[in-house]
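Some labels attached to a protein model rest on a cut-off, and it helps to see the value set beside it. The exchange below takes several such labels in turn.

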Amino acid sequence: MKWLRRLSIYYKINGIILAMLLLISLVMGIIMTKTATHLIEDQMEKRGAELASYIGVLSSNDILLDDHYALFDRVNKTKQNTDDVRYIIITNSAGHVLAHTFDNSLPKGLPVTVTMQPPSLSASNTNLANSTYQVTKYNSNEGLIREIVMPIENGAIGYVRVGMSEKGTEQMMNKRMKDFIVLIFLVGVLAAAGATYLAYVIISPLRGLTQAAEQIRRGNFQVYADIPHEDEVGQLSKVFNDMAQSLREKQLENNRLLEELRTKEALRAGLIKKLFSVQEEERKRLSRELHDETGQLLASLLAYMKLLLSKLVNDEQKEVLLAARNVAMDALGGLRKIAVELRPPVLDDLGLPAAMKKYIQTFSEQQGLPVHFSVQEDNVDMGSEVSSALYRILQESLTNIAKHAQASSVYITLSVNDKRVEMVIKDDGLGIGTGTVQTAYYKNRVGIYGMRERAEMLGGSLSIESGKAGGTTVVVTLPKFLG
């Protein structure tokens, strides 16, 4: 029944009206046929009884006088003048045939004599002119025959038997049925035309509503549905227009909020980009100050301590000074390390690949973790902002691996084409769940969130994926040069 659900309301309305019309016509046809048949049968029996009574009244004297010729002439003329009379038979009180309308003898199967049943047992009894008649049905090659037996003087003189044929009745009924079918056909045509018009009146505004709803689905809220009438469809159109008006207002409000959000997002992006830029500049400044000023002061201090060491003659004092000198040398080494981590000079002097190799080597030695690095070409110019972002993402990724991954090896590749730079960092550690990454994004955790922000601020992307067997892959893609 799926096809019925998909069928248009237009065809459903037409189908329901025509089906109801056919059903009503069928029921009316059956009722009318049965009613007409009963009426015609009753009229036939009454007409046959009247005819038999009339013949009996006229024939009573002829029966008493044995005037068979008069009886024969009367029954034949009566039969000729009455279309639905098949035969007429007159018998005496003993049941012997005195006259009949057959050419020869009585047909086979038609009883010669009849026996009148008592009134209480008669199949069909009707009082007509103070007489009681009996109806008997016979099947013949011409169809059903109804024989009306009318006694003459209560059977004391004789009986009149009139056989009424239903052939004429059937012909008349067939003609009436043909007329009824033609009438039903004409009514059906008119009903179909009316149903078509009714369906059009109902469906037309609904189609308009459907088209308007389709426009709204496509994002066009500037549509209105026509309200042709004040009926249910008109009320539906009014509600639809109110809904469309609300959607238009919501769209305007959403556009305003979206514009404000875009403005705030652009401002936020600018602030974050400025923050990263200021951060890198501050790192450079601190690195220079630590290296040039504080480092130089420590170097001068070491020189003075060396000079002082050469002046001392007391071994105990020399030992104390040597220990202090070693502390100062460690402080100078740590200071230089901090200065390099803040802003490695090699990043500005030799470029990103060299700075990455240097950092990876130092990291591998400190953590005891093998790190494999491959790059397409060592000398590539990709801009200071892109280089700084990739370097900081590398630092954060390796720090996370050292803290959480429990990896046994790390693989890093750097590939560059005409427009894009891609860095892939892959480890064979425990892996990281997708939910963990999303939680870090939503909670703005500094490490992963900062990596993503650096990539997106430069018009790139960063993805973190974890395999089913473990391990984590970080893929960073940035434009080679910023526009």
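The questions and answers that follow concern this model, which is a predicted one.

Q: Why is S397 called buried?
A: The relative accessible area of S397 is 4%, and buried means under 20%, so S397 is counted as buried. The residue belongs to helix α9, and, leaving aside residues up to four places away in sequence, S397 touches I425, M451 and V474.

Q: What makes M28 partly exposed?
A: M28 has a relative accessibility of 41%, and the term partly exposed covers the range between under 20% for buried and over 50% for exposed, so M28 falls into that middle class. M28 lies in helix α2, residues 9-64, and is one of the residues of a nonpolar surface patch that also includes I16, M20, L23, I24, V27, I31 and M32, with about 740 Å² of accessible area together.

Q: How do you know that R146 and E45 form a salt bridge?
A: Their closest N and O atoms are 3.1 Å apart, and a salt bridge requires a side-chain nitrogen of Lys or Arg within 4 Å of a carboxyl oxygen of Asp or Glu, so the pair meets the criterion. The pair links distant parts of the chain, with R146 in strand β6 (residues 143-152), E45 in helix α2, and the two positions 101 residues apart.

Q: Are R146 and E45 buried or exposed?
A: R146 has 1% relative accessibility and E45 has a relative accessible area of 12%; buried means under 20%, so R146 is buried and E45 is buried as well.

Q: What makes the contact of R452 and E453 a salt bridge?
A: The N to O distance is 4.0 Å, and the criterion asks for within 4 Å, so the side chains of R452 and E453 are listed as meeting in a salt bridge. R452, with a relative accessible area of 17%, is buried, and E453, at 3% relative accessibility, counts as buried too. Elsewhere, salt bridges that share partners join E41, E45 and R146 into one network, and a search of the whole structure finds 12 salt bridges.

Q: Why are D242 and K238 separated by about one helical turn?
A: The two residues are 4 residues apart in helix α5 (residues 232-311), which means a separation of about one helical turn. Their side chains meet in a salt bridge at 3.7 Å, N to O, and D242 counts as partly exposed at 42% relative accessibility.

Q: What makes β8 and β11 edge strands?
A: The open sheet has 5 strands in the order β8-β9-β10-β12-β11, with mixed pairing, and β8 (371-375) and β11 (461-466) each pair on one side only. Neighbouring strands of this sheet are turned by 10 degrees against each other on average, direction ignored.

Q: How do you know that β8 and β9 pair?
A: Strand β8 and strand β9 (residues 410-416) share 5 bridges in the parallel sense, and at least two bridges are needed for two strands to pair, so the requirement is met. F373 stands opposite I412 in β9.

Q: Which helices lie across or pack on the sheet?
A: Helix α8 (residues 352-367) lies across β8, β9 and β10 (420-427) and runs at about 170 degrees to β8. Helix α9 (residues 384-405) packs on the sheet, touching β9, β10, β11 and β12 (472-479), and its direction makes about 10 degrees with that of β10.

Methods
Residues are numbered from 1 along each chain as its sequence is written. This is a predicted model: local features need pLDDT of at least 70, side-chain atom pairs count only at pLDDT 80 or more; totals for chains, interfaces and linings use all residues. Side-chain values use heavy atoms; hydrogens and water are left out. Axes are lines fitted to C-alpha atoms, for helices over the stretch in contact, and angles run from 0 to 180 degrees between N-to-C directions. Contact means heavy atoms within 4.5 Å. Buried means under 20% relative accessible area, exposed over 50%, partly exposed in between (1.4 Å probe, protein chains only). Patches are made of residues with over 30% relative accessible area and no salt bridge: like charges are joined within 9 Å, nonpolar side chains (Val, Leu, Ile, Met, Phe, Trp, Tyr) within 5 Å. Accessible areas come from the Shrake-Rupley method with a 1.4 Å probe; for residues, only the protein chains shown count as cover.
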